[in-house]
Amino acid sequence: PPARLAESPATGRTEKEQIKARTPDTGSQVKAARTVDEMQADSHIKWVRIEEGVFRMGSNEGDPDEGPVRLVRVGSFYLGQTEVTVGQYSSCVRSARCSPPYLAGNCREFNTNSKANSNMPVTCVNWNQVRTYCAWAGGRLPSEAEWEYAARSQGKPTKFPWGVQQANCDLAVIRDGGKGCGRKRPWPVCS
């Protein structure tokens, strides 16, 4: 027999009804006017398809705005494989669609479009600049649910993408006291 969906004792609704009630309305599937291959060629972004699914979003252990944990359905979408690089963002600036990132202090050192920085993540850009870049690249910003779903390896119930082990410099580039795993600056994408 087919599997039955559990009913929530608190609401009296089935799991399927709970998921439908909490599914964010992102306009369903956002269709790009161009194909993924065309988008990759223009923006030099490697797009990765994230398949739809249901996951437990949020945390009861973090900041208050992270909870409560709830079931959320996410439709299929594409996400850039890495953070946007200085080189990629500079292409948008050269096209006159994007404004340059903030270039004072460390931002100047990290965002100058040079061979040394081209594969570094762009920093010191605001939300509006990021939205403009995404539109130029043929995409959009992911919703909070899409971002968490992708960051959790398509909704796996682990604290980190690699499992439950606490983050350290062998597993991720982290601040570790403010030094960024010893570099005192951003690391190239996919480091």
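**Entry 1. Criterion and model**

I take a salt bridge to be a side-chain nitrogen of Lys or Arg within 4 Å of a carboxyl oxygen of Asp or Glu. I note at the outset that the model is predicted.

**Entry 2. Salt bridges**

I looked up the ion pairs and found three salt bridges in the structure.

I began with Glu51, which pairs with Arg49; their closest N and O atoms lie 2.9 Å apart. That separation is within 4 Å, so the pair qualifies as a salt bridge. I then checked the accessibility of both partners. Glu51 is partly exposed, at 39% relative accessibility. Arg49 is likewise partly exposed, its relative accessible area being 37%.

I turned next to Arg140, whose salt-bridge partner is Glu146; here the closest N and O atoms are 2.9 Å apart. I recorded Arg140 as partly exposed, at 32% relative accessibility. Glu146, by contrast, is buried, with a relative accessibility of 5%.

I closed this list with the salt bridge between Glu148 and Arg152, for which the closest N and O atoms are 3.3 Å apart. Glu148 is at 17% relative accessibility and therefore counts as buried, the cut-off being under 20%. Arg152 also has 17% relative accessibility and is buried.

**Entry 3. The disulfide**

How many disulfides does a search of the whole structure find? I obtained one. The bond joins Cys92 to Cys98, with an S to S distance of 1.9 Å. I examined its handedness next: the torsion about the S-S bond of Cys92 and Cys98 is about 70°, so I entered the disulfide as right-handed. Both Cys92 and Cys98 are buried.

**Entry 4. Further cysteines**

I then asked which cysteine sulfur is nearest to that of Cys134. The sulfur in question belongs to Cys98, and the distance is 9.0 Å. A disulfide requires sulfur atoms within 2.5 Å, so Cys134 is in no disulfide. I also looked up the accessibility of Cys134, which is buried at a relative accessible area of 14%.

Is Cys190 buried or exposed? I found a relative accessible area of 66% for Cys190. Exposed means over 50%, so Cys190 is entered as exposed.

**Entry 5. Summary of the look-up**

I retain two points for reference. The charged pairs are Glu51 with Arg49, Arg140 with Glu146, and Glu148 with Arg152. Among the cysteines, Cys92 and Cys98 are joined by a disulfide, whereas Cys134 is in none.

How values were computed. Residues are numbered from 1 along each chain as its sequence is written. This is a predicted model: local features need pLDDT of at least 70, side-chain atom pairs count only at pLDDT 80 or more; totals for chains, interfaces and linings use all residues. Side-chain values use heavy atoms; hydrogens and water are left out. Buried means under 20% relative accessible area, exposed over 50%, partly exposed in between (1.4 Å probe, protein chains only).
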